[in-house]
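Work through the exercises below with the sequence and the model open. Try each task before reading its solution.

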Amino acid sequence: MQNKFLRIEDVTDKFPNKKTKTFWVYSLHNDIYLGVILWHPQWRRYIMQFESGCLCSVKYMAECYKFIAELMQKRKQNGK
């Protein structure tokens with residue numbers, strides 16, 4: 001997915017003991033770290049955990065939502 005506002009970096013390899021994917025999220029505008037997308041086992045879904053003090057517009061949140069929706073769809077298709 002081509003993003004207009006976010007750079008989403010797959011950092012799963014940095015956490016070898018985790019069974020699910022992890023992504024760091026940055027602003028494309030100024031390359032500031034915004035937070036992490038990770039699996040939340042209690043909710044059984046991926047979530048965006050924003051960095052403390054992070055301010056995001058609706059456009060940023062919409063891109064996060066679309067990315068997470070795609071992750072969940074792939075997970076559902078793979079039978080997990």
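**Exercise 1: Phe15 and its surroundings**

Task. Decide whether Phe15 is buried, partly exposed or exposed, then find its place in the chain and its contacts.

Solution. The model is a predicted one.
- Step 1. The relative accessible area of Phe15 is 31%. Buried means under 20% and exposed means over 50%, so Phe15 is partly exposed.
- Step 2. Phe15 sits in the loop between S1 and S2.
- Step 3. When neighbours within four places in sequence are left aside, Phe15 is in contact with Thr22 and Trp24.

**Exercise 2: two threonines**

Task. Classify Thr12 and Thr22 by accessibility, and name a polar contact made by each side chain.

Solution.
- Step 1. Thr12 lies in the loop between strand S1 (6–10) and strand S2 (23–27). Thr22 is also found in the loop between S1 and S2.
- Step 2. The relative accessibility of Thr12 is 18%, so Thr12 counts as buried. For Thr22 the value is 3%, so Thr22 counts as buried.
- Step 3. The side chain of Thr12 is joined to that of Asp10 by a polar contact of 2.6 Å. The side chain of Thr22 has a polar contact of 3.1 Å with the side chain of Lys18.
- Step 4. Leave out residues up to four places away in sequence: Thr22 then touches Glu9, Asp10, Val11, Thr12, Phe15, Val36 and Ile37. With its neighbours within four places set aside, Thr12 is in contact with Thr20, Lys21 and Thr22.

**Exercise 3: positive phi**

Task. For Asp31 and Arg44, state the phi angle, the loop and the exposure.

Solution.
- Step 1. Most residues other than glycine have a negative phi. Asp31 has a positive value, near 60 degrees, and Arg44 has a positive value, near 55 degrees.
- Step 2. Asp31 is placed in the loop between S2 and S3. Arg44 is placed in the loop between S3 and strand S4 (45–50).
- Step 3. Asp31 has a relative accessible area of 45%, so this residue is partly exposed. Arg44 reaches 65% relative accessibility and therefore counts as exposed.

**Exercise 4: a distance across the chain**

Task. How far apart are the C-alpha atoms of Gln42 and Thr12?

Solution.
- Step 1. Locate Gln42 in the loop between S3 and S4. Gln42 counts as exposed because its relative accessibility is 63%.
- Step 2. Along the chain, Gln42 and Thr12 are 30 residues apart.
- Step 3. Their C-alpha atoms are separated by 20 Å.

**Exercise 5: the largest pocket**

Task. Describe the volume and the lining of the largest pocket.

Solution.
- Step 1. The space in the largest pocket is about 290 Å³.
- Step 2. Its lining is made of 13 residues, and those nearest the centre are Lys21, Tyr46, Leu71, Arg75 and Asn78.
- Step 3. By class, 4 lining residues are nonpolar, 3 are polar and 6 are charged.
- Step 4. H1 supplies the largest share of the lining, with 5 residues.

**Exercise 6: confidence**

Task. Which element has the lowest confidence, and which the highest?

Solution.
- Step 1. The chain has a mean pLDDT of 90, and 96% of its residues reach 70 or more.
- Step 2. Helix H1 (residues 58–77) is lowest, at a mean of 92.
- Step 3. Strand S3 (residues 33–40) is highest, at 95.

Key: Residues numbered from 1 in each chain as written. Predicted model: local features only at pLDDT ≥ 70, side-chain atom pairs only at ≥ 80, totals over all residues. Heavy atoms only, no water. pLDDT = per-residue confidence, 0-100. Helix = DSSP H or I, 4+ residues; strand = E, 2+ residues; numbered from the N terminus. 1 Å grid on protein atoms, 1.4 Å probe; cavity = no way out; pocket = protein on both sides within 12 Å on 5 of 7 lines; lining within 4 Å. Points joined across faces, edges and corners; volume = space filled by probe spheres on them. Nonpolar A, V, L, I, M, F, W, Y, C, P; charged D, E, K, R; others polar. Buried < 20%, exposed > 50% of the residue type's maximum accessible area, 1.4 Å probe, protein only. Polar contact = N/O pair within 3.5 Å; in protein donor to acceptor, adjacent residues only side chain to side chain. Contact = heavy atoms within 4.5 Å.
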